[in-house]
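Trainee: I am new to this structure and would like a close look at a single part of it. Please set that part in the context of the whole chain.

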Amino acid sequence: MKELLKKDYGKSTYYQLKDGISIDLERIVNENYFITYSWMSGNKSSFYLVFLVENKNRNPISNHKINNLKAIDNLGMEYKPISFFFDDYPVDEPLKYKETLNVRFLPFNSNVKSITITFNYNGNDYIFKNIPV
């Protein structure tokens with residue numbers, strides 16, 4: 001039973017810790033959503049990434065300074081997100097020192113197999129390589 005308990009249990013393989021702030025990839029969502037009405041139709045598909053942002057000292061997170069947020073696919077194309085926002089974690093009873101960063105992109109080309117996400121958060125560069133699409 002002890003072999004099932006790992007030291008890094010609960011950590012993503014996409015994890016970085018800088019200046020007491022950890023950011024790890026929690027969820028990848030590739031959503032295919034088509035809307036059709038009698039008078040309108042459209043493709044509302046999206047690619048989402050959800051990161052957990054945590055202050056390891058358990059100090060409340062008060063400001064978010066994100067710069068240069070982009071994705072680069074394995075074919076060399078660069079993409080900017082269509083939206084990104086922070087949300088309390090958990091939503092019902094926020095911890096204040098842990099939040100989610102939700103990043104939304106338009107769907108990638110069908111030939112894309114992986115992406116690299118880069119951004120600067122509060123003065124530190126974060127690079128997450130080879131995220132599967």
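Mentor: What follows starts with the chain as a whole, moves to one hairpin and its sheet, and ends with one residue elsewhere.

The model is a predicted one. The protein chain has zero helices and 11 strands, so read from the N terminus its elements are a run of β after β, from start to end. Of its 133 residues, 36% count as buried. The chain exposes about 9,000 Å², and carbon and sulfur atoms supply 50% of that area. Contacts also reach along the sequence: among those between residues at least 6 apart, 59% join residues at least 24 apart.

The part to look at closely is the hairpin of β10 and β11. Strand β10 covers residues 114–121 and strand β11 covers residues 124–132. The two run antiparallel, and seven bridges join them. In general, strands of a sheet pair through backbone hydrogen bonds, either parallel or antiparallel. Two pairs of residues help to locate the match between these strands. T118 has I127 in β11 as its bridge partner, and N120 stands opposite D125 in β11. Two residues lie between the strands of the hairpin. In this hairpin N122 takes a positive phi, near 50°.

The hairpin belongs to an open sheet of four strands, in the order β7-β6-β10-β11, with antiparallel pairing. Its edge strands are β7, residues 78–79, and β11, since each of them pairs on one side only. In that order β10 sits between β6 and β11. As a general point, the side chains of a regular strand alternate between the two faces of the sheet.

For a view of a single side chain, turn to S46, which is found in strand β5, residues 46–55. S46 has a relative accessible area of 0%, and because buried means under 20%, this residue counts as buried. What surrounds S46? Leaving aside residues up to four places away in sequence, S46 touches V29, N30, E31, R104, F105 and P107. With R104 there is also a polar contact, side chain to side chain, at 2.8 Å.

To go over the hairpin once more on the structure, find β10 and β11 with their seven bridges, then N122 with its positive phi, and then the place of β11 at an edge of the sheet.

Terms used:
Residues numbered from 1 in each chain as written. Predicted model: local features only at pLDDT ≥ 70, side-chain atom pairs only at ≥ 80, totals over all residues. Heavy atoms only, no water. Buried < 20%, exposed > 50% of the residue type's maximum accessible area, 1.4 Å probe, protein only. Polar contact = N/O pair within 3.5 Å; in protein donor to acceptor, adjacent residues only side chain to side chain. Contact = heavy atoms within 4.5 Å. Areas by Shrake-Rupley, 256 points an atom, 1.4 Å probe, with all protein chains shown as cover.
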